[in-house]
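Colleague: I am new to this structure and would like a close look at a single part of it. Please take me through that part, and then through whatever helps to place it.

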Amino acid sequence: MGMALKIGMLVVFFAIMIGVGFYSRKHATDVKGFVLGGRSVGPWLTAFAYGTSYFSAVIFVGYAGQFGWKFGIASTWIGIGNAVIGSLLAWVILGRRTRIMTQHLNSATMPQFFGERYGSKGLKIASSIIVFIFLIPYTASLYNGLSRLFGMAFNIDYSVCILIMSILTAIYVIAGGYMATAINDFIQGIIMLFGIVIVIIAVLRINGGFMGSLDGLAKIKDELVSSTPGVFNSFFGPDPLSLGFVVILTSLGTWGLPQMVQKFYAIKSESDIKKGTIISTAFAIVVAGGCYFLGGFGRLFTNKLTILEDGTIEGGFDSIIPTMLSTLSPAIIALVVILVLSASMSTLSSLVLASSSTLTIDLLKDNIIKKMSEKKQVLSMRILVVFFIAISAVIALFQYNTQVNFIAQLMGVSWGALAGAFLAPFMYSLYWKKTTKAACWVSFIFGAGIMTLNLFFRPHFPELLQSPINCGSVAMLAGLVIVPVVSLFTPKPDDKLVEETFECYNRKQIVTAKESLGEDAETE
């Protein structure tokens with residue numbers, strides 16, 4: 001009965017995803033429609049698309065288990081940071097200006113934005129290469145969180161799970177483009193919201209409710225981590241500095257990730273930005289806060305985990321959350337599988353759409369293929385969606401079967417490299433007229449370069465920066481200093497180009513565009 005329920009729920013879920021894809025075909029007939037949904041996506045769809053692209057199985061299974069084990073209940077701060085910095089402030093600081101300037105420059109991708117903003121074909125090509133290199137391993141990492149859950153719930157091979165997820169995601173992205181992704185993200189987001197709440201309640205009940213769970217956590221000791229009594233249910237946990245670096249990387253990092261920033265390109269109107277800000281923040285509080293809060297109680301299940309002599313866990317941190325969930329009822333386990341599948345498929349669709357659009361618009365068009373019509377561009381993106389999903393699946397399978405740590409490390413470096421390269425130049429480009437092309441180049445080289453060096457020469461880095469998380473956080477923060485400093489000492493940008501670019505903010509509506517998009521986003 002339990003297995004029939006699980007399979008039945010999966011079949012219904014997959015049928016809805018595919019149905020939405022074919023329903024959205026009418027919105028994916030040209031480049032603007034396929035990549036941005038015609039820039040007419042409402043607040044609920046945009047906010048949920050942002051949130052579901054943000055939080056994947058990597059967070060629910062990997063990060064929640066890992067950081068919950070390391071920091072205890074204090075790991076909840078990571079979810080709070082994701083909500084306040086990664087969602088609220090990202091929408092407030094980047095949302096409106098991104099929507100206005102990208103429409104003015106007629107840019108559909110982040111590399112295209114850099115190319116138009118600075119009149120530099122080199123910047124566009126370089127940034128598209130960085131996106132291509134570092135989004136692929138990040139995409140491959142999305143499959144990892146599913147292996148143990150599917151094995152626990154269905155006793156099926158990991159490769160079957162990857163194949164199913166890849167094919168179904170490809171079908172609805174190819175058929176409906178961004179609009180299909182946004183609608184499915186909304187559906188998947190609702191599943192994530194209700195799922196995480198139900199799972200938290202169920203797990204806490206096993207351990208005597210909220211207060212009983214906190215009391216149990218207070219009694220746990222791990223001399224390898226800290227000798228302080230009750231450290232795992234304390235306010236900042238056993239290592240506040242490391243906790244702070246995790247908050248910075250996972251929160252501020254969204255400001256420079258192409259697949260996240262691209263959500264702002266498609267917003268319909270000013271009122272939608274305000275609504276989307278609230279919805280996105282609330283979503284992050286529940287989902288991210290809930291995931292890390294749940295992970296904080298992982299040590300209560302130590303008796304069900306195999307702890308090795310060196311203090312590590314057999315199967316790694318990824319085994320913690322599945323172990324916690326294995327004690328729940330078949331119905332809740334089925335819900336969790338769909339929850340994690342939703343989180344993974346929504347992020348996967350966002351990443352492959354960003355990758356395929358970047359490669360088509362910023363590399364193939366006008367560089368390799370001189371005359372590329374709208375129809376050919378859309379066809380190219382659909383073909384590349386298949387390519388990116390296939391190559392990420394192959395990488396995931398290779399890593400799973402060979403346990404090659406190099407690939408796993410490369411996945412961890414991806415977030416820091418992308419955000420370290422793009423965050424500062426993108427944000428300054430929206431606000432500061434004196435930002436120079438040279439500053440962008442330096443930021444690109446420094447962000448991607450330091451993370452690549454960290455991957456290959458990690459033991460030679462200072463101890464604090466040997467962690468990819470710490471190194472990625474430093475790369476992002478350093479970029480915020482590097483860009484203005486380099487801009488002050490390098491040739492000034494072309495005055496005419498800058499004034500024409502920033503003129504979009506002064507276009508008169510009821511008020512200037514700095515204050516409002518106006519009632520109609522397609523103003524003259």
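Modeller: A good place to begin is Glu-499, which is partly exposed because its relative accessibility is 43%. Please keep in mind that this is a predicted model. Glu-499 forms a salt bridge with Lys-433, and the closest N and O atoms of the two are 3.5 Å apart. Glu-499 belongs to helix H20 (residues 495-502), while Lys-433 sits in the loop between helix H17 (405-431) and helix H18 (437-456), so the pair ties together parts that are 66 residues apart in sequence. Lys-433 has a relative accessible area of 36%, so this residue is partly exposed as well.

In general, side chains of opposite charge can pair when their charged atoms come close. The count of salt bridges in this model is two. Besides the pair at H20, there is one between Lys-219 and Asp-215, with 3.1 Å from N to O. Lys-219 has a relative accessibility of 60% and therefore counts as exposed. Asp-215, at 40%, counts as partly exposed.

Back at H20, the next thing to look at is its packing. Helix H6 (residues 110-118) packs with H20 at an angle of about 125°, and the two axes are 9 Å apart. H6 is therefore oblique to H20. On the H6 side the contact is made by Glu-116, Arg-117 and Tyr-118, and on the H20 side by Leu-497, Val-498, Thr-501 and Phe-502.

Thr-501 also turns up among the contacts of His-104. Leaving aside neighbours within four places in sequence, His-104 is in contact with Glu-500, Thr-501 and Cys-504. His-104 is placed in helix H5. With a relative accessible area of 37%, His-104 is classed as partly exposed. Its C-alpha atom is separated by 9.4 Å from that of Tyr-505, although the two residues are 401 apart along the chain.

Between H5 and H6 there is a loop, and Asn-106 lies in it. This residue has a positive phi of about 55° although it is not a glycine. Asn-106 counts as exposed, because its relative accessibility is 60%.

For a contrast in cover, turn to helix H12 (residues 258-265), where eight of eight residues are buried. Among them are Pro-258, Met-260, Lys-263 and Tyr-265.

Last comes helix H9, which spans residues 158-206. What separates this helix from a straight one? Its 49 residues would reach 72 Å if the helix were straight at 1.5 Å a residue, but the end C-alpha atoms are only 29 Å apart. H9 has a kink of about 125°, centred on Gly-177. Thr-181 is also in H9. A relative accessible area of 2% is under the 20% cut-off, so Thr-181 is buried. Not counting residues up to four places away in sequence, Thr-181 touches Tyr-172, Val-173, Ser-349, Ser-350 and Leu-353. After H9 comes Gly-208, whose phi is positive, near 85°.

Technical notes
Residues numbered from 1 in each chain as written. Predicted model: local features only at pLDDT ≥ 70, side-chain atom pairs only at ≥ 80, totals over all residues. Heavy atoms only, no water. Helix = DSSP H or I, 4+ residues; strand = E, 2+ residues; numbered from the N terminus. Expected span 1.5 Å × (residues − 1). Bend = angle between axes of the 7 residues up to and from the residue. Salt bridge = Lys/Arg side-chain N within 4 Å of Asp/Glu carboxyl O. Buried < 20%, exposed > 50% of the residue type's maximum accessible area, 1.4 Å probe, protein only. Axes fitted to C-alpha atoms, helices over the stretch in contact; angles between N-to-C directions. Parallel < 35°, antiparallel > 145°, perpendicular 65-115°, else oblique. Contact = heavy atoms within 4.5 Å.
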